[in-house]
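Good morning, colleagues, and thank you for your time. I would ask you to keep the sequence and the structure in view while I speak.

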Amino acid sequence: MQFQQLQYFVAVAETRHFTRAAELVHVAQPSLSQQIKALERELGADLFGRARGNITLTDAGEALLPLARRILADADTARHEVQEVAQLRGGRVRLGATPSLCTGLLPDVLRAFHDRYPGVRLLIEEGGSHDLVRELARGALDLALVVLPLPTPSPALTTVELLREDLVVVSSPDVARPGRGRRTVRIADLEGERLVMFRHGYDLRELTVAACRAEGFEPEFAVEGGEMDAVLGFVRAGLGVAVVPRMVAARSGHGLRVTPLARPGLRRAIALAHRSDVAPPRAARELQRMLLER
């Protein structure tokens, strides 16, 4: 079944005349008749009754007409939507990001993007890098902000490093400063401190635990399993200390004491990822450009 055949069919159904229908769709009448017959052969049913020159719809034609009109209307809508997206007046961007990046990096960039392209919908999915890579691979996201190195390197993804970010220790001002009150704290100083720890699968959890083990001790958890907002809230309440990105600490500093990590400290690399085999939509490419130029 061809799209053009449906156009011809609807034209005949509305005019009840093959010649006038041919004029309506700007095609020779014999060509229109041939296409209608080809459509009937493919469907295995007559669509029109042609008795004594009167054109009427058969039961099969009556059944097809609303469906054909819907298909043609959807095609017009699709054409309009594509034109809107091409001109960045509409469309959507599906962006994945880790919760800490949603808190620290994205708000300013998304505000600038929305101000420039108010018609583009922004769909944000929070998750760990492992989950976001999986969603990218199955086509559920256009772009994702992930932490390098990826948990499972994939040749199907293209990654571009955006920035390297320092991690800091946050604590409640109502409890003793970690690291015996020094202005900087070493990872080794966290031995014996009770940590507020993120859930399993969180990039920051894995990075912090690995750094503690590299110093020869197993971290002690006061509470674990939270997302970023919950972790910061538990720290404010004095339940323990946490290792978080500097950008997050800067945005969430109210009620928190921020202590830098002594050199060499801890840093993480943030990258923008997309599928290698599929070019992101134009709106997504524009957001990608703004993130890279931030």
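I shall go through a few local features of this structure, which is a predicted model.

Let me begin with two helices. Two packed helices are described by the angle between their axes and the distance between the axes. Here, helix H1, residues 3-15, and helix H3, residues 29-43, have axes that come within 9 Å and cross at roughly 105°. That crossing makes H1 roughly perpendicular to H3. On the H1 side, the contact is made by Gln5, Leu6, Tyr8, Phe9 and Val12, and on the H3 side by Leu32, Gln35, Ile36, Ala38, Leu39 and Glu42. Sorted by character, the residues of this contact comprise eight nonpolar, two polar and one charged.

I turn now to the aromatic residues. How many aromatic pairs does the count come to? The count comes to four aromatic pairs. One of them is formed by Phe9 and Phe48, a tilted pair with 5.4 Å centre to centre and 45° between the planes. Because Phe9 lies in helix H1 and Phe48 in strand S1, residues 48-49, this pair ties together parts that are 39 residues apart in sequence. Both Phe9 and Phe48 are buried, and for Phe48 the relative accessible area is 2%.

Phe48 also pairs with Phe18: the ring centres are 6.0 Å apart and the planes stand at 70°, so this pair is edge-to-face. Phe18 belongs to helix H2, residues 18-24, and is 30 residues from Phe48 in strand S1, so that distant parts of the chain are linked. Phe18 counts as buried, at 11% relative accessibility. Together, Phe9, Phe18 and Phe48 form one aromatic cluster.

Next come two buried residues with polar side chains' contacts to consider. Ser100 lies in helix H5, residues 99-104, and is buried, with a relative accessible area of 2%. Which side chain makes a polar contact with the side chain of Ser100? That partner is Arg268, at 2.8 Å. Beyond its neighbours within four places in sequence, Ser100 is in contact with several residues, including Leu105, Tyr202, Met228 and Pro245.

Arg94 is placed in strand S3, residues 92-97. Its relative accessible area is 18%, and Arg94 is buried because the cut-off is under 20%. The side chain of Arg94 reaches the backbone oxygen of Ala140 at 3.4 Å. Setting aside residues up to four places away in sequence, Arg94 touches Leu123, Gly139, Ala140, Leu141, Asp142 and Leu143.

Strand S3 appears again at helix H11, residues 282-292, as part of what covers the buried residues of H11. Those buried residues are Ala283, Ala284, Glu286, Leu287, Gln288, Met290 and Leu291.

Finally, some points on the backbone. Most residues other than glycine have a negative phi, and most peptide bonds are trans. In this model, a cis peptide bond joins Leu148 and Pro149, with omega about -5°, and Pro149 is found in the loop between S5 and S6. The peptide bond from Arg263 to Pro264 is cis as well, with omega near 5°.

Positive phi values occur at Arg16, near 55°, and at His26, near 60°. Arg16 sits in the loop between H1 and H2 and is partly exposed, with a relative accessible area of 36%. His26 sits in the loop between H2 and H3 and counts as exposed at 74% relative accessibility.

Note on methods
Residues numbered from 1 in each chain as written. Predicted model: local features only at pLDDT ≥ 70, side-chain atom pairs only at ≥ 80, totals over all residues. Heavy atoms only, no water. Axes fitted to C-alpha atoms, helices over the stretch in contact; angles between N-to-C directions. Helix = DSSP H or I, 4+ residues; strand = E, 2+ residues; numbered from the N terminus. Parallel < 35°, antiparallel > 145°, perpendicular 65-115°, else oblique. Contact = heavy atoms within 4.5 Å. Nonpolar A, V, L, I, M, F, W, Y, C, P; charged D, E, K, R; others polar. Buried < 20%, exposed > 50% of the residue type's maximum accessible area, 1.4 Å probe, protein only. Polar contact = N/O pair within 3.5 Å; in protein donor to acceptor, adjacent residues only side chain to side chain. Phe/Tyr/Trp six-rings, centres within 6.5 Å; stacked < 30°, edge-to-face > 60°.
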